[in-house]
Amino acid sequence: MKALLPVFCRPLGYVILILALFLPFLLAMAGKVTDNNLLFYKECTKMLMMCGAILILLALSKNESFETEKIRIAAIRNAVFLTFIFIFGGMIYRFAIGDVVTIDTSSFLIFMIFNVLCLEFGMKKSVIDKIFKK
């Protein structure tokens, strides 16, 4: 899978993820989050996290090569598998405790985060392998 975005989108994606992680807490401490707009802020946070993860996944790396493309494809494959396991485990857990009210609505976000984690692990593993093969 070829990267579609320029190199600067990778750190920008991490900045957006950090912003999406801490902004709701700062807004809650400032008294901006109420019961009436909590769902809005929750969904906006999810969208920001998804956008940040997409920026990270689709951005070029500094030393882009065919191996990086293979790592990106492997990350997507591993993320699909881990997301399936995570969501299936959650379904089994909810079934075991008899919870009929809770529904998992963030499965795409979970997939994106697993994808970023698998991509970063693969990239770092590739760098370490290159160092020790010399």
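The following dialogue explains how several descriptions of this predicted model are reached.

Biologist: What makes the span of helix H1 agree with its number of residues?

Modeller: Helix H1 covers residues 9–29, which is 21 residues, and at 1.5 Å a residue these should span 30 Å. The C-alpha atoms at the two ends of H1 are 30 Å apart, so the expected and the computed values agree.

Biologist: Where does H1 bend, and which proline follows?

Modeller: The bend is at Phe22 and amounts to about 35°. Pro24 follows within four residues. Just after H1, Gly31 takes a positive phi of about 85°.

Biologist: Which residues of H1 are buried, and what do they pack against?

Modeller: Cys9, Arg10, Gly13, Ile16, Leu17 and Ala20 are the buried residues of H1. They pack against helix H2 (38–58) and helix H4 (107–133).

Biologist: Why is Cys9 called buried?

Modeller: The limit for a buried residue is under 20% relative accessible area. Cys9 has 7% relative accessibility, and therefore counts as buried. Cys9 belongs to helix H1, and beyond residues up to four places away in sequence it touches Leu55, Ile56 and Ala59. Two of these, Leu55 and Ile56, are listed among the buried residues of H2.

Biologist: How do you know that Glu120 is buried?

Modeller: Its relative accessibility is 19%, and buried means under 20%. Glu120 therefore counts as buried. The residue is in helix H4.

Biologist: What joins the side chain of Glu120 to that of Arg10?

Modeller: A polar contact of 2.3 Å joins them. The cut-off for such a pair of N or O atoms is 3.5 Å, and the value of 2.3 Å stands for a polar contact between Glu120 and Arg10. Leaving aside neighbours within four places in sequence, Glu120 is in contact with Arg10, Tyr14 and Ile56.

Biologist: Why is Phe121 called exposed?

Modeller: Exposed means over 50% relative accessible area. Phe121 has 58%, so the residue is exposed. Phe121 is found in helix H4, and its C-alpha atom is 16 Å from that of Pro11, although the two are 110 residues apart in sequence.

Biologist: How do you know that the length of H4 agrees with its number of residues?

Modeller: The 27 residues of H4 should span 39 Å at 1.5 Å a residue. The end C-alpha atoms of H4 are 38 Å apart, which agrees.

Biologist: Which residues of H4 are buried, and what covers them?

Modeller: The buried residues of H4 include Leu109, Phe111, Asn115, Leu119, Glu120 and Met123. What covers the buried residues of H4 includes H1, H2 and H3.

Biologist: What is said of the span and packing of H2?

Modeller: H2 has 21 residues, which should span 30 Å at 1.5 Å a residue, and its end C-alpha atoms are 30 Å apart, so the values agree. Among its buried residues are Thr45, Met49, Ala53 and Leu57. The buried residues of H2 pack against H1, H3 and H4.

Biologist: Why does Arg72 count as buried?

Modeller: Its relative accessibility is 3%, and the cut-off is under 20%. Arg72 therefore counts as buried. Arg72 is placed in helix H3.

Biologist: What does the side chain of Arg72 reach, and which residues is Arg72 in contact with?

Modeller: The side chain of Arg72 reaches the backbone oxygen of Ala59 at 3.0 Å. Beyond its neighbours within four places in sequence, Arg72 is in contact with residues including Met1, Leu57, Ala59, Glu64 and Leu119.

Biologist: Is Ala96 buried or exposed, and why?

Modeller: Ala96, in helix H3, has 64% relative accessibility and so counts as exposed, the limit being over 50%. The C-alpha atoms of Ala96 and Leu60 are 43 Å apart in space, with their places 36 residues apart in sequence.

Biologist: What is the volume of the largest pocket, and which residues are the closest to its centre?

Modeller: The volume of the largest pocket is about 410 Å³. Of the 17 residues that line the pocket, Ser61, Lys62, Asn63, Met123 and Val127 are the closest to its centre.

Biologist: Which helix gives the most to the lining of the largest pocket?

Modeller: H4 gives the most, with six residues. H1, helix H3 (66–97) and H4 each supply at least two residues of the lining.

Note on methods
Residues are numbered from 1 along each chain as its sequence is written. This is a predicted model: local features need pLDDT of at least 70, side-chain atom pairs count only at pLDDT 80 or more; totals for chains, interfaces and linings use all residues. Side-chain values use heavy atoms; hydrogens and water are left out. The expected span of a helix is 1.5 Å times one less than its number of residues. The bend at a residue is the angle between axes fitted to the seven residues ending there and the seven starting there. Buried means under 20% relative accessible area, exposed over 50%, partly exposed in between (1.4 Å probe, protein chains only). Contact means heavy atoms within 4.5 Å. A polar contact is a pair of N or O atoms within 3.5 Å; within protein, one must be able to donate a hydrogen and the other to accept it, and residues adjacent in sequence count only if both atoms are side-chain atoms. On a 1 Å grid over the protein atoms alone, a cavity is a set of points where a 1.4 Å probe fits but cannot get out, and a pocket is an open set with protein on both sides within 12 Å along at least five of seven lines; lining residues have an atom within 4 Å of a point. Grid points are joined across faces, edges and corners, and a volume is the space filled by probe spheres set on the points.
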